[in-house]
Amino acid sequence: MNFSLSEELIEMKRSIRDFIDHTVDPLAQQIEEEDEIPEKIMSMSKEMGLFGLSIPEEYGGIGIDMVGKCALYEEIGRTSNGYTTVIGAHTGIGSVGIVEMGTDEQKKRYLPDMARGNRIGAFALTEPSAGSNAAALKTTAVKKGDKYILNGSKHYITNGPIADVFTVMAVTDRDKGAKGITSFIVEKDFPGFIVGKKEEKMGLRGSHSSEIFFEDCEVPAENVLGMEGLGYINALKILANGRAGLSARNLGSCQKLLELSTKYAHEREQFGKPIFEQQIIQHYLAEIALDTETLRSMTYRVAWMVDQGMNVIKEAAMAKLLGSEIYNRIADKAVQIHGGIGYIKEFPIERYYRDARITKIYEGTSEIQKNIIAAQLHKEYEKNARSVQV
């Protein structure tokens, strides 16, 4: 496995680190208080090409591979997770479906503007009665002439209030179960498309999610993404790709918490000496460092596998699970190291602690990741058992 980066990508990684540490992070508290990403940051992010990480160069993007994308996500994850989520949802599950499964015409129509950040992407799968059980979707799509008519609703849609282009899963044949789900590219201006109220969340300030509604929403037949009936498979592919990226974003936050905690442990004095000299603090820091490096190894291994075209259903679930659990463990230890100051809103540790919690839920809960891993182990066992019998 080769995780080495090109000189061009190394330079981009440096530029993003500088941008994150010196432009975005100083405004992280403002983002938290105002629940908005400043236009200055959004504009600079567009200029740097951060909205086009996943999009091929021929459509105006950067077109980097998964290892490269994870390297950049790691830098982006070092700051406000609200900002990180706006970028990650767009460059991950919000656009990957069009990149990997779109027709030439669909790619030409949508990707150039998405690469420039002029059109924001979102992924609409979750419904009030269908989250972890995606096969229980109720949103329907009925073909009438040269259009599909969509009816139903989605909720918890990241980027919902600001997105222009949605990858939407809807049922086209109820009798076929998961094989009766189809993917659609839906624009916010299509007749019958309605964005609901912005949802108030525990964390991820600056990243907005909302309900969306389809009331006889008219979607052109040419906006079917992939083949009819393959929507559920498409969703699994898109989510598997997104899980590797989410792991990298969590990694960036873990690394930042390690740096903040190490610095504080050397500066904060108790009993006449820095608290770093307390063995329990050293052990906490050692555990944080170990967890961070473990996550780094897993993240880049899965990213490399994606680039090799391997089946990563199991490994992507492992990376997502590991990243979520480690991020939450590290955030908890960081609060403990910082003591009272770690619980105060004007300092960043409290924000990371709240933001970490959603990672065990969105893009597939930790429990669902375990189900996926177990299901893949079962398939491998049965395959091996059959080969032994033969």
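In this predicted model, the domain assignment splits the protein chain into domain 1 (7-119), domain 2 (122-228) and domain 3 (233-384).

Take the pairing of domain 2 with domain 3 to begin with. Their centres, taken over C-alpha atoms, sit 30 Å apart. Each side puts residues into the contact: 11 from domain 2 and 11 from domain 3. Put together, domain 2 and domain 3 bury about 840 Å² between them, and 70% of that area is on carbon and sulfur atoms. On the side of domain 2 that touches domain 3, the residues break down into 6 nonpolar and 5 polar, with no charged ones. As for specific pairings across this interface, the count of salt bridges comes out at 0, while 4 residue pairs turn up in polar contact, both partners being at pLDDT 80 or more.

Now for a single residue, Ser 45. This serine belongs to helix α3, which covers residues 39-47. Its relative accessibility is 0%, so Ser 45 counts as buried, the cut-off for that label being under 20%. What does Ser 45 touch, once neighbours within four places in sequence are left aside? The contact list reads Phe 19, Leu 50, Phe 51, Tyr 83 and Ile 87. Ile 87 is a handy one to follow up: 42 residues separate Ser 45 from Ile 87 in sequence, yet their C-alpha atoms are 8.8 Å apart in space.

Methods: Residues are numbered from 1 along each chain as its sequence is written. This is a predicted model: local features need pLDDT of at least 70, side-chain atom pairs count only at pLDDT 80 or more; totals for chains, interfaces and linings use all residues. Side-chain values use heavy atoms; hydrogens and water are left out. Helices (H or I, at least four residues) and strands (E, at least two) are DSSP runs, numbered from the N terminus. Buried means under 20% relative accessible area, exposed over 50%, partly exposed in between (1.4 Å probe, protein chains only). Contact means heavy atoms within 4.5 Å. Domain bounds come from an automatic or database domain assignment. Buried area is the accessible area (1.4 Å probe) that two parts lose on being put together, summed over both. A salt bridge is a side-chain nitrogen of Lys or Arg within 4 Å of a carboxyl oxygen of Asp or Glu. A polar contact is a pair of N or O atoms within 3.5 Å; within protein, one must be able to donate a hydrogen and the other to accept it, and residues adjacent in sequence count only if both atoms are side-chain atoms. Ala, Val, Leu, Ile, Met, Phe, Trp, Tyr, Cys and Pro count as nonpolar, Asp, Glu, Lys and Arg as charged, and the others, Gly among them, as polar.
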